[in-house]
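Student: Could we go through this protein together, so that I learn how each descriptive word is earned by a value?
Tutor: Yes, let us look at it first and then take the words in turn.

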Amino acid sequence: MQSVIKKAKRIIIKVGSSLVTNDGKGLDHAAIARWAAQIAQLRAMHKEVVLVTSGAVAEGMQRLGFDKRPSAIHELQACAAVGQMGLAQIYESSFSKYQLRTAQVLLTHADLADRERYLNARSTLFTLLRLGVVPIINENDTVVTDEIKFGDNDTLGALVANLMEADALIILTDQQGLFTADPRKDPAATFVHDAQAGDPALEAMAGGAGTGIGRGGMLTKILAAKRAAASGAHTVIASGREENVLTRLAAGEALGTQLSAATAQLTARKQWMADHLQTAGKVTLDAGAVKMLTTSGKSLLPIGVTEVSGAFGRGDVITCVDSAGQAVARGISNYASSDARRIVGHASSEILSILGFFEEPELIHRDNLVLL
């Protein structure tokens with residue numbers, strides 16, 4: 001098996017907190033210098049590289065004297081603010097040795113949930129790549145709360161891969177890759193060299209939370225690969241402590257676990273809808289509507305909706321769930337929640353008489369809907 005990274009033109013590289021901060025001891029200058037050297041070589045191979053980094057909170061914890069991750073949101077935000085300074089400084093100095101400029105880009109979920117801000121972020125990142133700059137992306141932990149977080153930088157890496165229509169996502173971690181079970185507990189565990197991203201069996205293999213320094217475990221990486229595959233990006237999960245891991249992958253060497261994307265790439269508009277981690281509201285569908293959406297490729301009509309939850313406006317992205325609460329689709333609503341509540345369960349021909357106006361016969365048109 002040859003690494004998919006060899007043919008990849010645009011690559012997103014994500015490095016975790018335990019690697020960046022040497023398991024919480026402070027920024028690992030030597031490790032960051034090694035990654036900078038390898039990325040410089042990738043750039044010389046005419047590959048475009050975007051780096052998604054963790055480590056701001058962990059570095060801030062070390063600078064401020066916290067021996068464990070604070071639970072208070074304001075203390076976490078303070079750690080992020082302090083740590084971000086050191087993080088940007090070391091990346092800038094490491095890459096400058098290779099005459100490469102870097103740019104710090106801090107993102108929140110709100111930046112990617114709003115269509116205009118999503119397009120602005122995409123345009124900025126593409127411009128940076130065109131100018132030969134290496135974008136260094138992190139979540140803006142100084143302003144977000146748990147309710148609006150990406151959750152972990154594995155997810156952020158996948159979202160950036162989708163945003164940039166990348167060919168591949170490399171997730172560097174402190175593990176060799178994915179095993180069929182925890183090798184520390186199960187001597188029969190075997191290493192997974194390659195698989196298809198999104199295979200449900202992978203989630204069963206992956207463990208729970210990661211270290212006390214980072215927020216993500218192997219499961220978040222498996223789910224990130226599944227998300228990245230929606231835009232056609234392949235994922236490699238490999239050890240960031242493996243010597244010259246990035247250049248060896250780029251040379252075609254099979255390292256770590258390779259999770260290949262098998263699905264057709266979504267359109268940019270549908271990818272934006274699919275990448276909403278939170279939506280303004282949701283609608284519950286009856287069994288007939290679920291079937292029409294998932295098997296017949298139809299639009300969602302008001303008559304197939306049993307309940308409307310949340311407050312949303314016309315043009316907002318909402319989630320469609322089945323009677324068990326399982327998300328089946330996301331789409332752009334043609335009606336505000338207040339109006340949607342009045343027309344659910346009714347035929348489209350009744351909309352005008354109920355509301356006194358008529359926008360569209362569908363609550364969500366199939367062109368503005370993406371299945372999950």
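The conversation below takes up confidence, burial, helix packing and backbone angles.

Student: What makes this a structure to be read with some care?
Tutor: It is a predicted model, in which local features need a pLDDT of at least 70 and side-chain atom pairs count only at pLDDT 80 or more, while totals for chains, interfaces and linings use all residues. Residues are numbered from 1 along each chain as its sequence is written, and side-chain values use heavy atoms, with hydrogens and water left out.

Student: How do you know how confident the predictor is?
Tutor: From the pLDDT, which is the predictor's confidence in each residue, from 0 to 100. The protein averages 88, and 93% of the residues score at least 70. Over residues 208–216, however, the pLDDT is below 50, although the model gives this stretch 23 contacts beyond near neighbours in sequence, where contact means heavy atoms within 4.5 Å. Where pLDDT is low, the predicted coordinates should not be read in detail.

Student: Why is G60 called buried?
Tutor: Buried means under 20% relative accessible area, exposed means over 50%, and partly exposed lies in between (1.4 Å probe, protein chains only). G60 has a relative accessible area of 0%, so G60 is buried. This residue is found in helix α3, residues 56–64, where helices (H or I, at least four residues) and strands (E, at least two) are DSSP runs, numbered from the N terminus. Leaving aside neighbours within four places in sequence, G60 is in contact with C79, V82 and G83. One of these partners, C79, has 0% relative accessibility and therefore also counts as buried.

Student: Why is L219 called partly exposed?
Tutor: L219 has 29% relative accessibility, so the residue counts as partly exposed. L219 lies in helix α9, and the C-alpha atoms of L219 and A206, 13 residues apart along the chain, are separated by 4.9 Å.

Student: Why are α7 and α9 described as they are, parallel or antiparallel?
Tutor: Two packed helices are described by the angle between their axes and the distance between the axes. Axes are lines fitted to C-alpha atoms, for helices over the stretch in contact, and angles run from 0 to 180 degrees between N-to-C directions. The axes of α7 (residues 153–163) and α9 (residues 218–229) come within 8 Å and cross at roughly 10°. Angles under 35 degrees count as roughly parallel, over 145 as roughly antiparallel, 65 to 115 as roughly perpendicular and the rest as oblique, and α7 and α9 are therefore roughly parallel to each other.

Student: Which residues meet between α7 and α9?
Tutor: On the α7 side they are D154, T155, A158, L159, A161 and N162, and on the α9 side T220, K221, A224, R227 and A228.

Student: What makes the phi of H46 worth a remark?
Tutor: Most residues other than glycine have a negative phi. H46 is a residue other than glycine, yet its phi is near 65°, a positive value. H46 lies in the loop between α2 (29–44) and β2 (48–53), and at 60% relative accessibility H46 counts as exposed.

Student: Which value does the phi of N244 take?
Tutor: Phi of N244 is near 50°, again positive in a residue other than glycine. N244 is found in the loop between β9 (234–239) and α10 (245–250), and with a relative accessible area of 35% N244 is partly exposed.
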